[in-house]
Amino acid sequence: MSTETREVEELANREYKWGFVTDVESESIPKGLNEDVIRLISAKKKEPEWLLEWRLKAFRHWQTLVEPRWPNVTYAKIDYQDIVYYSAPRQKKQLQSLDEVDPEILRTYEKLGIPLREQEWLAGVAVDAVFDSVSVATTFKEKLRELGIIFCSFSEAVQEHPELVRKYLGSVVPANDNFFAALNSAVFSDGSFCYIPKGVRCPMELSTYFRINAIDTGQFERTLIVAEEGAYVSYLEGCTAPQRDTNQLHAAVVEIVAMDNARVKYSTVQNWYPGDKDGKGGIYNFVTKRGKCAGVNSRISWTQVETGSAITWKYPSVLLIGDNSVGEFYSVALANHRQQADTGTKMIHIGKNTRSTIVSKGISAGFGQNSYRGLVEIKKGAENARNFSQCDSLLLGDKCGAHTFPYIEVKNTTSKVEHEASTSKIGEDQIFYCKQRGLSAEDAVNMIVNGFCKEVFRELPMEFAVEAQKLLGVSLEGSVG
Amino acid sequence: MLEIRNLHAKVEDNEILRGIDLVVRPGEIHAIMGPNGSGKSTLAGVLAGRDAYAVTDGTVSFEGKDLLEMAPEERAREGVFLAFQYPVEIPGVNNSYFLKSALNSIRRHRGMEELDAVDFLALIKDRMKLVDMDQSFLNRPVNEGFSGGEKKRNEIFHMAVLEPKLAILDETDSGLDIDALRIVADGVNKLRRKDNATIVVTHYQRLLNYIVPDFVHVLVDGRIVKSGGKELAITLEEQGYDWVREGTDRVAVG
Ligand SMILES: Nc1ncnc2c1ncn2[C@@H]1O[C@H](COP(=O)(O)OP(=O)(O)OP(=O)(O)O)[C@@H](O)[C@H]1O
Ligand SMILES: [Mg+2]
């Protein structure tokens, strides 16, 4: 992408946030969860009756569930009655200039190469930006509208496009899917909605939009993406800038639907606060992400770079229903200090000639524990299904751990499943070789780690790949002497 | 340029270098020969700063500075280059990207401006010619999947780009075919200047026909037991190392 296009997009995004803010008064309700709280949330959002019912049903089911203990992570018990389930978007205290911002944060921004303007925005400095760019942004939004693309907050979609929301909400991740998905269904705050009509190719990455938007996403985020027949969209969630949030528990749900010949590419960069070196604080990131290749020749790709959070529990999956449909999962997960990551994917082959690719790169450093957990399931009718999985682990130091839990269930003999796994340690030899050429230990580690992750970074939108590389470097700082 | 005095070094509990003295002046080429396991790579490694080796005695000064005090990357930035006997593979890291980062960290250290993509490309295109290297090697991961000879040639390519003051070539000739040997030697000769120096570690006199040394040293059991001009290499090739070994015994006894 040219610098100009990029600048334009950035300006556009800056404007976009004004469009995104939903009109809620800044207030919260008391801690705790019961049916009244859910009614209140729904009422505040002026939701239709069916949606309230949907939430309540999810809540009732959630009450019958117990928190999963199978992930390879440990944490103190979460008190679900000690959480505030509704609060209006936090109003950021406006600062006058970057001088007022924590220098530590600025240093990280700089390392990530975030443009000054954006730094100001991220840090909450009052930006008296040249908003004559509004016209550019409007052009963008108009372009999307002209094409019939709907891209708005989830709440807005509930008001403006209730029939679409009702049709697809819960169609991929049912409200009773699992403990955290049920919780999310009951109390979700907001999120994004994206609808690409038949035959439309979304002309821009819905990326940088979201990147700014991500700042105010709540604890229980809900995203729904629908690509109609022949549609295409590339969607990017997250932000490389450090995301601090006082909420410890994050339980998001993302659903994707791809109809005949549709293609959805979903990329995530997750950099929530990981806690300090000793494991104090940090976000628990318990996410349910699933895509449904409903149509023939449809294709859903998940690409994720997970460097943040104290605990990550996340398995972006694809249901391969349409014949010849394709599911892909490319993942880099990093666990440094006391971080714990249990992540992977599920590829469920249902249709004929369905194909899936899994490339997982786990990096462990410090006392970090990294687990890959993946399921490849070939159902009876999945003639000639193909899967290729590759799980590589890289260890920095000898106090961290890497674990692999591949599950394979094959019920059709014409299918072919391949699994490759490797574990390697960053070699002294490699680091010495780099140093001998003049590189610092830090640069050497960055280079080796980024080389290790190359196959995944390749899948990211160009400008984001560059940031993701830097992000890994920042996250690994101090892990090798 | 380089002054090694009474250098002793050990690996774990084995003393490998047992009192090395060597002086290299700008513009000179020194060849070091010696039987397997005599400590040639150890010497190269100690000079480059590999931390598997512990220096137990002696001094090394490089351009008047205490080399042993410096971290390996600092030595590299000061102009010490080691062409590895066994070049290391770095999967996924593009050869030219690697070199650009290396060159720029050296330039930063020397207070020079970093090269941008365009200037760097011009530079490496020029240097590739020097070692007759195919363009395809630029975009492949560093040494990954390179043949033995290709790795050696890549080391000399690195050297050509980084332009060290002191280059130590550890058996760069082993594994090269006849043509490659000539090309690599040619490259080294073209890079030769009044203000840089080269130490060539080799087993074969053949290389020294192409890279003509000013001095030849014979390293046996961690000591330089004999030094001479280029004709010493020919004598060694004809008579083997027993001849010098006997020589040292006599010296030791007498
Ligand atoms: N890490 C190590 N641990 C134990 N012994 C070592 C180690 N590195 C080197 N040595 C020993 O030190 C001695 C010198 O090794 P060095 O590699 O310097 O020999 P060399 O002269 O380069 O031999 P060659 O001609 O075979 O390359 C050998 O006996 C070797 O086994
Ligand atoms: Mg050797």
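**Exercise 1. Place A:Glu377 in its fold and list its longer-range contacts.**

Step 1: locate the residue. In this predicted model, A:Glu377 belongs to strand β15 (residues 369–378) of chain A. Helices (H or I, at least four residues) and strands (E, at least two) are DSSP runs, numbered from the N terminus.

Step 2: check its burial. A:Glu377 has a relative accessible area of 11%, so it is buried. Here buried means under 20% relative accessible area, exposed over 50%, and partly exposed in between (1.4 Å probe, protein chains only).

Step 3: find its partners. Apart from neighbours within four places in sequence, A:Glu377 is in contact with A:Met347, A:Ile348, A:His349, A:Glu409 and A:Lys411; contact means heavy atoms within 4.5 Å.

A note on conventions before you go on: residues are numbered from 1 along each chain as its sequence is written, while chains are lettered from A and ligands numbered from 1 in the order in which they are written. Local features need pLDDT of at least 70, side-chain atom pairs count only at pLDDT 80 or more, totals for chains, interfaces and linings use all residues, and side-chain values use heavy atoms, with hydrogens and water left out.

**Exercise 2. Identify the protein donors of the magnesium ion (ligand 2) and say where they lie.**

Step 1: pick out the atoms. The donors are OG of B:Ser41 and OE1 of B:Gln85, lying 1.9 to 2.2 Å from the ion. Donors are N, O and S atoms within 2.8 Å of the metal (3.2 Å for Na, K and Ca); water is not among the atoms, so the site may look incomplete.

Step 2: map them onto chain B. B:Ser41 sits in helix α1 (residues 40–48) and B:Gln85 in the loop between β6 (80–83) and α3 (95–109), so the pair ties together parts that are 44 residues apart in sequence.

Step 3: compare exposure. B:Ser41 is partly exposed at 27% relative accessible area, whereas B:Gln85 is buried at 16%.

**Exercise 3. Describe how helix α11 of chain A is covered.**

Step 1: count. Of the 9 residues in α11 (428–436), 7 are buried, which leaves the helix mostly covered.

Step 2: name them. They are A:Gln430, A:Ile431, A:Phe432, A:Tyr433, A:Cys434, A:Lys435 and A:Gln436.

Step 3: see what they pack against. Their partners are α12 of chain A together with α1, α2 (72–78), β6, α3 and α5 of chain B.

Step 4: look just past the helix. There A:Gly438 takes a positive phi of about 105°.

**Exercise 4. Which residues other than glycine, B:Asn6 among them, have a positive phi?**

Step 1: recall the background. Most residues other than glycine have a negative phi.

Step 2: take B:Asn6. Its phi is near 50°, and B:Asn6 lies in strand β1 (residues 2–11) of chain B. B:Asn6 is partly exposed, with a relative accessible area of 34%.

Step 3: take B:Glu163. Its phi is near 45°, and B:Glu163 is found in the loop between α5 (148–162) and β7 (166–170) of chain B. B:Glu163 is partly exposed, with a relative accessible area of 34%.

**Exercise 5. Judge the confidence in chain A.**

Step 1: start with the average. Chain A has a mean pLDDT of 81, and 78% of its residues reach 70 or more; pLDDT is the predictor's confidence in each residue, from 0 to 100.

Step 2: find weak stretches. Residues 1–26 of chain A have pLDDT below 50, with 50 contacts beyond near neighbours in sequence. In residues 208–217 of chain A, pLDDT stays under 50 and the model has 37 contacts beyond four places in sequence.
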